[in-house]
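Work through the following exercises with the sequence and the structure side by side, and try each task before reading its solution.

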Amino acid sequence: MKQIVIAILLGVITGWGFNRYLDASQAKEIASYINIITDVFLRLIKMIIGPLIFSTIVAGLMSIGGSSSVGRITIKAMIWFIVAGLISISIGTLIANLFQPGVGLNIAIPQHGNIDTSLNAGEFSLKNFISHIFPSSFVEAMANNEILQILIFSLFFGSALSYICRSSKKASPIVTMIEDMGRIMFRITDYVMALAPIAVFAAIASAITLEGMGLLYEYGKLITLFYLGILLLWCILLAVGFLFLGKDVFLLMKLIREPIILAFATASSESAYPKTMNALNCFGVPKKISSFVLPLGYSFNLDGSMMYQSFAILFIAQAYNIDLSITEQILIMLTLMVTSKGMAGVARASVVVIAATLPMFKLPEAGILLILAIDQLLDMGRTATNVVGNCIATSVIAKLEGKRGSSESEMQEKEPVNLS
C-alpha cells in the first residue's frame, strides 16, 4: 500500500511537470515512452490469465466431492451465488450508468500495439456470443487468451477428472499436478503484481502528462461512487439475510466485525479466513457446512468484486467515449458472471478479470491502467464485502439445511476464540 501511494505521488508530480513545461507534441512523445512500462505490465497480466483460470477452475471442481448431501448443499450454494452475483453486477452497472463517472475524461483510444479498439455492435449478437464461447481447440483458446473458451474446457476437464477419481477411489497424479500448477501460477501472479507500483507510476504520469491535473477530480468521484455502490450492496445483503435469519443477522454482523476489519485493512479475504470460520462456528454453523460452503464461496461468491468489475468496465468505456448498448452491457454482465469464478487467492484478482474481459468486447486494454492507481483503495472495500457476502450465504445455507446449532441466547454468550 505504501509503495502504491508513493508511486501515485511521484506519478502526479512527474506528470504535472511534463504537462506544465512541455508543449503538446513533446508531452505526447514523452507519454509514449512512459507507456512502454505499462505495455510490458499488460503483457505480463495477459500471460498469466489462461493457465491461472484453468488450474483454479479444475482444482475447485475437484474439491467439491460427490456425496448426496454435498451435492444438495452445492446446488443451494450455487443458486445463492448466482443470484447474489447478478444483483452485485447489476448494482455496479446501475451506478455507472446513472452517475457516469468516466464521462468527461475524453481519453484518446491508444493506437499503438495490436490493441483492437473498434466496436461493431453487430458482432455482439446472442447467437455469435453463445457459439463463440465453445472452443474448437483448447490450445487455440489458450494461445488467443479466449477466457470463456478456457472456462468451458476447464469445466469439462474438471468434471471428467472428478468422475475418474471417484470411480477409481484413488487420487490421480493429474490432480496433484494441477494443484501444483495453480500454486505456481499464484506465485507468478505475485511476481507480476510486484511490478504494480512501477506500472501505477507510469500510468499516472502518462495520463496527467496528456490530460492535466483535472484527471485527479475524476478519481475522487470514482472512489465515492464505488463506495456508494458498496453501501447499497451491503443493505441488500443484510435485507436478504434478515428474510432468512431474522434478527440473528445482526448478531452475525457483530461476530464477524473483526474478520471484516481485517479483510478491509489487508485487502485480503484469505487473511480473515480463520477468524471468519471461528465466527461462523460461534454463530452456530456446523464446521462440516462452513468448511465446505465458505471455501466454495471464496471462489464463486465474490459479491464486492463482481460489483466493482462491472462498474470499472463501464467507467473505462466512458473514459474513452465508447458507447455500449444495453445488449452489450448485458453480455458483459453475463461474461463477468463466468470469468470472475475461481479467482480467489489471486493477487488483484479483479484487475486480472477486468484485463481478461476488456479485449473480449474490444475495449482498450490500456484502460485497466486508469483504475490500477486506485485499485488498492477499491480492493479494501470489495474484499470486506466478499467476507460479508460469504458469511451471510454460509449462515443461510446452514439454516436451510436445518443445521444451525445454539439458540440466540446461547450464541450471545459466546465470544470468538482469539486465533491470533
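**Exercise 1.** Which residues in H8 are buried?

Solution. Keep in mind throughout that this is a predicted model. First locate the helix, which runs over residues 196-211 and has 16 residues. Next apply the cut-off, by which a residue is buried when its relative accessible area is under 20%. The residues of H8 that pass this test are Ala196, Pro197, Ala199, Val200, Ala202, Ala203, Ile204, Ala205, Ser206, Ala207, Ile208 and Thr209. Finally, because 12 of the 16 residues of H8 are buried, the helix is largely enclosed by the rest of the structure.

**Exercise 2.** Compare the span of H8 with its expected value, and then look at the residue that follows the helix.

Solution. From its first C-alpha to its last, H8 reaches 22 Å, which is close to the 22 Å expected at 1.5 Å a residue. Moving on along the chain, we find that H8 is followed by Gly212, whose phi is positive and near 90 degrees.

**Exercise 3.** Decide whether helix H10 is enclosed, using the approach of the first exercise.

Solution. Begin with the buried residues of H10, which are Asp248, Val249, Leu251, Leu252, Met253 and Leu255. Then set them against the length of the helix: 6 of the 8 residues in H10 (residues 248-255) are buried, so this helix too is largely enclosed by the rest of the structure.

**Exercise 4.** Where does UniProt place the feature "transmembrane region", and what does the model show over two of these stretches?

Solution. The unreviewed UniProt entry places the feature at residues 40-65, 77-99, 147-165, 191-210 and 222-245. Over residues 77-99 the model is 100% helix and 0% strand, with the end C-alpha atoms 33 Å apart. Over residues 222-245 the chain is likewise 100% helix and 0% strand, and here the end C-alpha atoms are 34 Å apart.

**Exercise 5.** Which residues make a nonpolar surface patch of about 350 Å²?

Solution. The patch is made by Ile75, Ile79, Val83 and Ile87. To see how such a set can arise, recall that an α-helix has 3.6 residues a turn, so residues three or four places apart point the same way. Taking one member as an example, Val83 lies in helix H3, which covers residues 68-99. Val83 counts as partly exposed because its relative accessible area is 45%, a value between the 20% and 50% cut-offs.

**Exercise 6.** Find two residues other than glycine that have a positive phi, and describe their surroundings.

Solution. One of them is Gln100, whose phi is near 45 degrees. Gln100 sits in the loop between H3 and helix H4 (126-132), and is partly exposed, with a relative accessible area of 38%. Another is Asn321, with a positive phi of about 60 degrees. Asn321 belongs to the loop between helix H14 (303-319) and helix H15 (326-339), and its relative accessible area of 47% makes it partly exposed.

**Exercise 7.** What distance separates the C-alpha atoms of Leu155 and Val58?

Solution. Start from Leu155, which is found in helix H6 (residues 147-168) and is partly exposed at 40% relative accessibility. Although Leu155 and Val58 are 97 residues apart along the chain, their C-alpha atoms are separated by 6.8 Å.

**Exercise 8.** How many disulfides does the structure hold, and are Cys165 and Cys282 buried or exposed?

Solution. The structure holds 0 disulfides. Cys165 counts as buried at 12% relative accessibility, and Cys282 is buried with a relative accessible area of 5%.

Key: Residues numbered from 1 in each chain as written. Predicted model: local features only at pLDDT ≥ 70, side-chain atom pairs only at ≥ 80, totals over all residues. Heavy atoms only, no water. UniProt positions renumbered as here; feature names shortened; annotations may be inferred. Helix = DSSP H or I, 4+ residues; strand = E, 2+ residues; numbered from the N terminus. Disulfide = S-S within 2.5 Å. Buried < 20%, exposed > 50% of the residue type's maximum accessible area, 1.4 Å probe, protein only. Patch = residues over 30% accessible without salt bridge, like charges linked within 9 Å, V, L, I, M, F, W, Y side chains within 5 Å. Areas by Shrake-Rupley, 256 points an atom, 1.4 Å probe, with all protein chains shown as cover. Salt bridge = Lys/Arg side-chain N within 4 Å of Asp/Glu carboxyl O. Expected span 1.5 Å × (residues − 1).
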